[in-house]
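Me: I have a model open and would like to go through a few of its strands and helices with you. Can we start with what the words mean?

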Amino acid sequence: MKLIVGLGNPGKKYDRTKHNMGFMTIDRLMNEYGQTQMKKDFEAEYCKFKVDGETVFLVKPLTFMNESGRAVKFLMGYYQIRTDELMVIQDDLDMPIGKVRLRTKGSAGGHNGIKSIISAVGTKDFDRIKIGIQHPDKQTVVNWVLTPFSKDQEPVALSGIDQAVDMVKDWVSGSTADQLMNKYN
């Protein structure tokens with residue numbers, strides 16, 4: 001199985017904000033895999049389908065960012081999904097806009113969604129795709145992550161989402177984390 005969790009905040013007012021890079025990536029993956037509907041359960045919106053015999057879940061937690069781990073834990077427990085079958089897609093303040101990097105373990109790095117997942121699943125050892133949103137120059141971090149990209153920044157951010165989509169598709173098709181890091185990092 002493959003559990004792909006995009007981090008973000010639910011609700012229209014957060015739709016295109018920097019903190020919702022994970023949700024935007026899940027939306028693009030749904031389109032790529034021809035999925036049109038998500039169901040609501042386990043404090044998440046998710047869809048489940050098969051790719052070459054592999055069961056794939058695309059997930060958007062509805063718990064808001066800081067409690068994302070609750071939804072992940074519920075789904076993992078119910079469907080008996082292991083942490084090596086988990087891929088989390090997150091925004092990252094410490095990378096330039098649109099830069100993408102895969103990590104296989106590590107601390108939350110100040111990201112409250114990742115902090116929540118680490119606490120809920122009991123380990124730091126799970127794959128994450130980080131998409132850069134850059135640290136703000138003048139705004140507070142909270143204001144920065146909860147606003148959309150500027151017109152100049154948006155195409156660069158969307159190219160990061162495109163790369164994250166390609167990375168996930170390769171992972172679902174059987175590429176290992178090492179192969180992904182060699183190809184994309």
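Reply: Buried, as used here, means under 20% relative accessible area, and please keep in mind that this is a predicted model.

Me: Okay, which residues of E1 are buried on one side and which on the other?
Reply: Lys2, Ile4 and Gly6 are buried on one side of E1, and Leu3 and Val5 are buried on the other, so that both faces are covered by the under 20% criterion. Counted over the strand, which spans residues 2-6, 5 of its 5 residues are buried.

Me: And which strands does E1 pair with?
Reply: E1 pairs in the parallel sense with E4 (residues 54-61) over 4 bridges, with Lys2 standing opposite Val56. E1 also pairs with E5 in the parallel sense over 4 bridges, and there Val5 has Val88 as its bridge partner.

Me: Staying in E5, is Gln90 buried or exposed?
Reply: Gln90, which lies in that strand (residues 86-92), is buried, because its relative accessible area is 2%. Leaving aside residues up to four places away in sequence, Gln90 touches Leu7, His111, Ile114, Arg128, Ile129, Lys130 and Ile131.

Me: Switching to helices, how do H2 and H3 cross?
Reply: The axes of H2 (residues 68-79) and H3 (residues 112-121) come within 7 Å and cross at roughly 40°, which means that H2 is oblique to H3. The crossing is right-handed.

Me: What makes that contact?
Reply: H2 contributes Ser68, Gly69, Arg70, Val72, Lys73 and Met76, while H3 contributes Gly113, Ser116, Ile117, Ala120 and Val121. By class, the contact has 5 nonpolar, 4 polar and 2 charged residues.

Technical notes
Residues are numbered from 1 along each chain as its sequence is written. This is a predicted model: local features need pLDDT of at least 70, side-chain atom pairs count only at pLDDT 80 or more; totals for chains, interfaces and linings use all residues. Side-chain values use heavy atoms; hydrogens and water are left out. Helices (H or I, at least four residues) and strands (E, at least two) are DSSP runs, numbered from the N terminus. Buried means under 20% relative accessible area, exposed over 50%, partly exposed in between (1.4 Å probe, protein chains only). Contact means heavy atoms within 4.5 Å. Two strands pair if DSSP finds at least two bridges between them. Axes are lines fitted to C-alpha atoms, for helices over the stretch in contact, and angles run from 0 to 180 degrees between N-to-C directions. Angles under 35 degrees count as roughly parallel, over 145 as roughly antiparallel, 65 to 115 as roughly perpendicular and the rest as oblique. A crossing is left-handed if the near helix is turned anticlockwise from the far one by less than a right angle, and right-handed if clockwise. Ala, Val, Leu, Ile, Met, Phe, Trp, Tyr, Cys and Pro count as nonpolar, Asp, Glu, Lys and Arg as charged, and the others, Gly among them, as polar.
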